[in-house]
Amino acid sequence: MSLFHKKNKVESVDLSRRYNLIGRVGQGSMSKVWRAEDPMNGQSIAVKVLDKEKTLRYEARFKGLHKPSEADIALSLKHPNIVRTLEVGQTTENETYLIMPFVEGCGLGLLVDLQNDRMKRYRTRYMIEIGDALAYFHKQDWIHRDICPRNIMVTEDDHIKLIDFGLTVPNTPDFRKPGNRTGTANYMAPELIKRQPTDQRIDVFSYAVTCFEMYAKRHPWDAAMTIDAVMQHINKPPVPILDLCPRMDQQIAGIIMKGLEANPGERWQNIDEMVTELRTAEARLVKVTRELLVLRKQAAAGGKQRPKTEKKAAASTAPPLKKAAPEKPAAPAAKAKAPVSAAAKASVKRSSEQKPAKKAAAAKAPVVAPPQADSSVNASDDSDELLSLD
Ligand SMILES: Nc1ncnc2c1ncn2[C@@H]1O[C@H](COP(=O)(O)OP(=O)(O)OP(=O)(O)O)[C@@H](O)[C@H]1O
């Protein structure tokens with residue numbers, strides 16, 4: 001790995017002279033972040049200054065292993081869904097700083113909490129873009145170790161930017177050994193918590209927890225504040241996501257649950273596999289949605305309220321429902337067939353088996369509802385599958 005022995009030129013910079021510091025925007029656990037402007041070009045930037053003591057304490061865990069610093073790692077990353085690091089250096093106080101373009105937007109955590117239409121409409125896009133960023137990251141041979149909504153930003157035009165690489169380690173045997181138990185408790189894979197050897201599949205797990213939250217607004221296990229508390233429940237199966245979101249797409253539910261498998265051998269083996277399945281699910285939902293839009297347009301042109309052809313088309317893409325979804329009279333819904341891979345199916349099955357009464361929910365198909373004026377697609381109020389066609 002070329003970054004292992006790279007020595008960055010160390011410059012001592014007085015940040016308040018060099019940049020127009022506008023105000024503090026974030027207090028992470030390891031840093032302070034300012035919004036600023038670069039007077040040389042007027043660019044809006046984020047200035048992240050790492051806490052000296054905490055960084056030293058963290059890096060001391062890897063004594064002798066030549067771990068690249070957060071600044072070096074961040075500087076090497078070039079991906080549309082990862083925030084660019086433009087410059088790194090040392091402050092006059094001997095702290096490390098990073099300069100990034102300022103991301104206009106919000107944290108993913110806010111959208112998890114709000115569960116608003118924006119979240120529902122762009123959720124599949126967000127999941128895929130987080131996965132793309134992580135797949136790139138893994139191809140550069142890193143393990144992120146701290147994937148969670150706190151470290152993911154959503155831009156104003158609804159794209160993802162991964163922002164924090166403070167706990168990242170190289171994907172090499174020395175760093176995969178048991179022991180370094182860092183991360184955010186509720187997103188940590190069981191093998192990490194149990195101090196077993198780890199690999200990039202711990203990020204698959206954290207990514208799946210993040211996707212779970214994006215639908216269910218809660219963790220797959222009861223949320224815990226400490227690793228010891230997580231240890232208490234990590235041996236129990238996760239709550240099946242379809243129990244919490246019975247109207248969500250069945251294929252997507254299976255994909256997420258497979259990412260949460262306690263045994264890394266039963267999880268998705270890499271991010272690419274998981275994202276490929278998510279893309280397939282998204283493509284199917286988009287296809288059905290487009291078909292419905294065409295039919296609705298035709299119906300409107302013909303002055304009919306609900307054309308028979310639409311019912312026919314919906315029926316042609318969908319198997320008969322085993323059990324009707326809870327009644328919501330607002331929107332006529334078409335049920336699209338959700339092809340679930342055998343592995344993902346097994347994952348859903350395992351979790352449904354824990355609660356036989358809930359099996360019926362797993363049989364539910366996605367709901368796609370009438371077109372909106374902006375040509376995106378909305379669904380009935382309790383549906384979790386809004387899709388954007390823009
Ligand atoms: N490029 C950026 N543009 C806009 N805001 C940013 C940017 N980078 C960071 N922030 C803000 O600063 C906060 C802290 O950043 P970051 O997560 O990188 O710090 P941290 O100390 O490593 O945090 P933690 O270790 O707690 O995850 C973010 O949650 C975000 O609100």
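## Two domains

The domain assignment, which is automatic or from a database, splits this protein into domain 1 (12-101) and domain 2 (105-290). Taken over C-alpha atoms, the centres of domain 1 and domain 2 sit 25 Å apart. Domain 1 puts 18 residues into the contact and domain 2 puts in 22 residues, where contact means heavy atoms within 4.5 Å.

A quick word on the model: it's predicted, so local features need pLDDT of at least 70 and side-chain atom pairs count only at pLDDT 80 or more, while totals for chains, interfaces and linings use all residues. Numbering runs from 1 along each chain as its sequence is written, and side-chain values use heavy atoms, with hydrogens and water left out.

## What gets buried

Between them, domain 1 and domain 2 bury about 1,800 Å², with 64% of it on carbon and sulfur atoms. (Buried area is the accessible area, 1.4 Å probe, that two parts lose on being put together, summed over both.) On the domain 1 side, Tyr-58, Ile-73 and Asn-81 lose the most area to domain 2, together 29% of what that side buries.

## Polar links and make-up

There's one salt bridge between the domains: Lys-48 pairs with Asp-164, and their closest N and O atoms are 3.2 Å apart. The salt bridge cut-off is a side-chain nitrogen of Lys or Arg within 4 Å of a carboxyl oxygen of Asp or Glu.

As for the side of domain 1 that touches domain 2, helix 3 (residues 70-76) supplies the largest share, four residues. Helices here are DSSP runs (H or I, at least four residues), numbered from the N terminus.

Note on methods. Helix = DSSP H or I, 4+ residues; strand = E, 2+ residues; numbered from the N terminus.
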